[in-house]
Amino acid sequence: MKIVKTVKEVREQVAQWRRQGLRVGFVPTMGYLHEGHASLIDRSVSENDRTVVSDFVNPMQFGPTEDLQTYPRDLAHDAALVEAHGGDLLFNPEPDEMYHEGFSSYVDMSVLTEELCGLSRPVHFRGVCTVVTKLFNIVQPDNAYFGKKDAQQLAIIRHMVDDLNIPVQIVGCPIIREADGLAKSSRNTYLSPAERTAALVLSQAVKIGSDMVRAGTVEAAAVIGAMKEHIEAEPLAKIDYVKMVDVATMQQITVLDRPALCAMAVYIGKTRLIDNFFTQDILPEGN
Ligand code: AMP
């Protein structure tokens, strides 16, 4: 496994693989890798001849009051994890390798970015779309792997490659959870022991909501109401949003008459955590 810091080195390595006719998979991350990231690497390794992982805390997707400065980093740990899971190349650029002086081009999206995290984090998805487009242009992978944990991001990336004719297949992968249900996240490291316990309200709310949908509830307000009630009973939790949206448009819906995403963001103390479920993943086909 090779670690590289420059765009040139990535391009040279991938070009060599291409000359050999090899299929390239790509897993973009912000590092501090855990089993959620590892599941994406495993999937890529199983479906491609070579796997590139990027490890870049992208300043452009953080708002001015967000956690860019404190975001956890550990390159040695990340490199060991990528290697152990069979990744071939770890791209770990410095910010000025990705954004040279005078950088002034952005990829922006309307509609799908209006709700959920797009509403609470106004600059976030512009940063995500811009960096992912750059990474796709640098790596030029056949397949790219994204977690359903960041469900709105996955929908936006799918839409973006379609809108902009970027020749890459986007693969969505299941949420990997701790044994007690908490979705794995690099940000879980911010939680105190009491907050770590309180954070279980997110996955518990996912269970409450998905059980109701499975049992046949079709009114979004009823599902969301029950989920919110559970979260609000936890004193350390403060809801940013709990919403039901159409998977195609990421716009709110009131009746579950089409494939939907039920997504939430909740502050546990100062830490903002997300979780969700897709109705398509829990209902039998045809519903
Ligand atoms: P991040 O490093 O948080 O930007 O995440 C990089 C990629 O890993 C994204 O596609 C995430 O959706 C995915 N990911 C993060 N946590 C998980 C998880 N618990 N399960 C599955 N995928 C995840």
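**Exercise 1.** Determine how the shell around the ligand divides by residue class.

*Solution.* Begin with the classes: Ala, Val, Leu, Ile, Met, Phe, Trp, Tyr, Cys and Pro count as nonpolar, Asp, Glu, Lys and Arg as charged, and the others, Gly among them, as polar. Sorted in this way, the shell holds eight nonpolar, six polar and three charged residues. The model is predicted, so that local features need pLDDT of at least 70 and side-chain atom pairs count only at pLDDT 80 or more, while totals for chains, interfaces and linings use all residues. Residues are numbered from 1 along each chain as its sequence is written, and side-chain values use heavy atoms, with hydrogens and water left out.

**Exercise 2.** Find which residues are closest to the ligand, and describe the polar contact of Asp-150.

*Solution.* A residue is near the ligand if one of its heavy atoms lies within 4 Å of it; 17 residues surround the ligand, and the closest are His-37, Gly-147, Asp-150, Ile-176 and Lys-184. Next, look for polar contacts, which here are pairs of N or O atoms within 3.5 Å. An N or O atom in the side chain of Asp-150 lies 2.6 Å from an oxygen atom of the ligand, whereas for Gly-147 a polar backbone atom is 2.9 Å from a ligand oxygen.

**Exercise 3.** Work out how helix α9 (residues 200-214) is oriented relative to helix α10 (residues 220-232).

*Solution.* Helices here are DSSP runs of H or I with at least four residues, numbered from the N terminus. Axes are lines fitted to C-alpha atoms over the stretch in contact, and angles run from 0 to 180 degrees between N-to-C directions. The axes of α9 and α10 come within 9 Å and cross at roughly 155°. Because angles over 145 degrees count as roughly antiparallel, α9 is roughly antiparallel to α10. Finally, the crossing is right-handed, a term used if the near helix is turned clockwise from the far one by less than a right angle.

How values were computed: Polar contact = N/O pair within 3.5 Å; in protein donor to acceptor, adjacent residues only side chain to side chain. Helix = DSSP H or I, 4+ residues; strand = E, 2+ residues; numbered from the N terminus. Parallel < 35°, antiparallel > 145°, perpendicular 65-115°, else oblique.
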